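Subject: Structure for you to look at

Hello,

Please find the sequence and the structure below. My notes on the strands, one hairpin and one helix follow.

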Amino acid sequence: MNIHFLKRLGITLGLLLINVVIVSAQPLSLDSCRNMALKNNKAMRIVEERVKASKFKKQEAFAAYLPGFDFAATYLYNQKEISLLSEDQMLPTKTFNPATGKYDFNIMMKPDGTPLLTPDGKVIPSQVALIPKEAMTYDVTNVFAGAVTLTQPVFMGGKIVALNKMAKYAESLAVEMRDNTAKEMIYNVDVAYWQVVSLGAKKKLADSYIELLDTLRRNVNIMIQEGVATKSDLLTVEVKLNEANIDLTRVNNGLALSRMALAQICGLPLQEEFQLEDENKTFDLQQYTMPAQSYNMADIYSRRNDLRSLELAGKIYEQKQNVARASMLPNLAVVGTYSFSNPNVFNGFDKSVKGMFSVGAMLKIPLWHWGSNINKYRSAKSETIIKNYELDDAKEKIELQVNQAAYKSSEAAKTRIMTEGNLEKADENLRQAQLGYREGIMPIDNVMAAQTAWLKANSENIDAAIEVRLCDVYLSKALGTLTY
């Protein structure tokens, strides 16, 4: 039974491994690259943690409304005992006098009825009460003390309310910054993705160009053997072929680095081997629509995360004003304490743990701080005004950004249409030059020029197609409609 179980387990693991290999071999789409970047990129993980931290800050601020409980304890070792007396004390006593109705000191009297005095003129008591020194000596070698304190804020000048509003706005700000970072991440993924697609297409173009030159070289060799071409023609072709091979090497290196850049954004290993879905597709211009030339800026402002972030920052600074104002207002709190100690003094000097409750109120009224509090408030007010100016400035820049993105998108679409036309003309020009060279009515320089023009037309067409897509993404980002 164990052998059969191991066989089934091995088959299952093998099938899973095959599925993993198949999945890893599938080309990556643009959406899958976006999802990997949003999930794995370090920048996204940082902003996600900031959102979590802002939630904890919000909970921390709310806790200021509730009473706080604190416990403090101390232990003290003393080298010596404490004695309230330096030596035994003898205190005079009194006896009730029925004649006067008062208590009179018991003193020594002379036969004539006058008090007996000491040489320094003091009376001598006839009876004394003895207080031994040991009775007023206490063992404080080991002292334990502690207290449990409850503090309930009653009025803090509006500081707690302001801090809670600040924490709420800060949480919303962290969410907006996360969304804005996500959109920036998507844009960076798209740029890196289409860069790889562009260089992949140019690699194929370079291969095709080398194939054209190689075919031309073979034809020139044949024509040299037939005596209708010269070795100078062959050398010209070979120089062009060497240049094309160098360009292909540069394209290959650029493509490898672009794949690494995309892998880094997506959180993949830099040496990861992968193919993109659009590397084997042709660019369809009909899928693209011309952008509008006018927009409702109020709707755009409401969709822009960076603008909402500035608005929230302004609200946070307004609450900072309230916090600064609270430092100039009275603060009132209710305090309750249970304190205990060993030894304790509640019943003589008892070496046991005993304590008591205490309840009170604490009022703090700022009187004079040499302008510190009012200047703190003025500083916070100026920072609020700065944030409002920054918000207005950002709105102007966003309107300019939208117009620039719209014009750039329109220009990219028109450029793509022109490059399509140039490509058709370059194909026909190359066909005519090759035909004329084979028939001997055109020199090889015309063929080389036609091939160069064909290469340039194809390269410009690739750049235009990529630019159309990048401009579309940039316009969506500017309009705040870029989704993820």
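In this predicted model, four strands make up an open sheet, and their order is β1-β8-β9-β10. The pairing in this sheet is antiparallel. At the edges lie β1 (68–77) and β10 (354–364), each of which pairs on one side only. Direction ignored, neighbouring strands of the sheet are turned by 20° against each other on average.

Edge strand β10 has β9 (residues 331–342) as a partner, and eleven bridges hold this antiparallel pair. One residue pair to look up here is S341, whose bridge partner in β10 is K354. When you view the sheet, keep in mind that side chains in a regular strand alternate between the two faces.

There is also a hairpin, made of β4 and β5. Strand β4 covers residues 94–97 and strand β5 covers residues 102–105; the two run antiparallel and are joined by four bridges. Across this pair, F96 stands opposite Y103 in β5. Four residues lie between the strands of the hairpin, and G101 has a positive phi near 75°.

The helix in my notes is α5, which takes in residues 231–266, 36 residues in total. From its first C-alpha to its last α5 reaches 52 Å, close to the 52 Å expected at 1.5 Å a residue. In an α-helix there are 3.6 residues a turn, so residues three or four places apart point the same way. Just after α5 comes G267, with a positive phi of about 80°.

Regards

Key
Residues numbered from 1 in each chain as written. Predicted model: local features only at pLDDT ≥ 70, side-chain atom pairs only at ≥ 80, totals over all residues. Heavy atoms only, no water. Pairing = 2+ DSSP bridges. Axes fitted to C-alpha atoms, helices over the stretch in contact; angles between N-to-C directions. Expected span 1.5 Å × (residues − 1).
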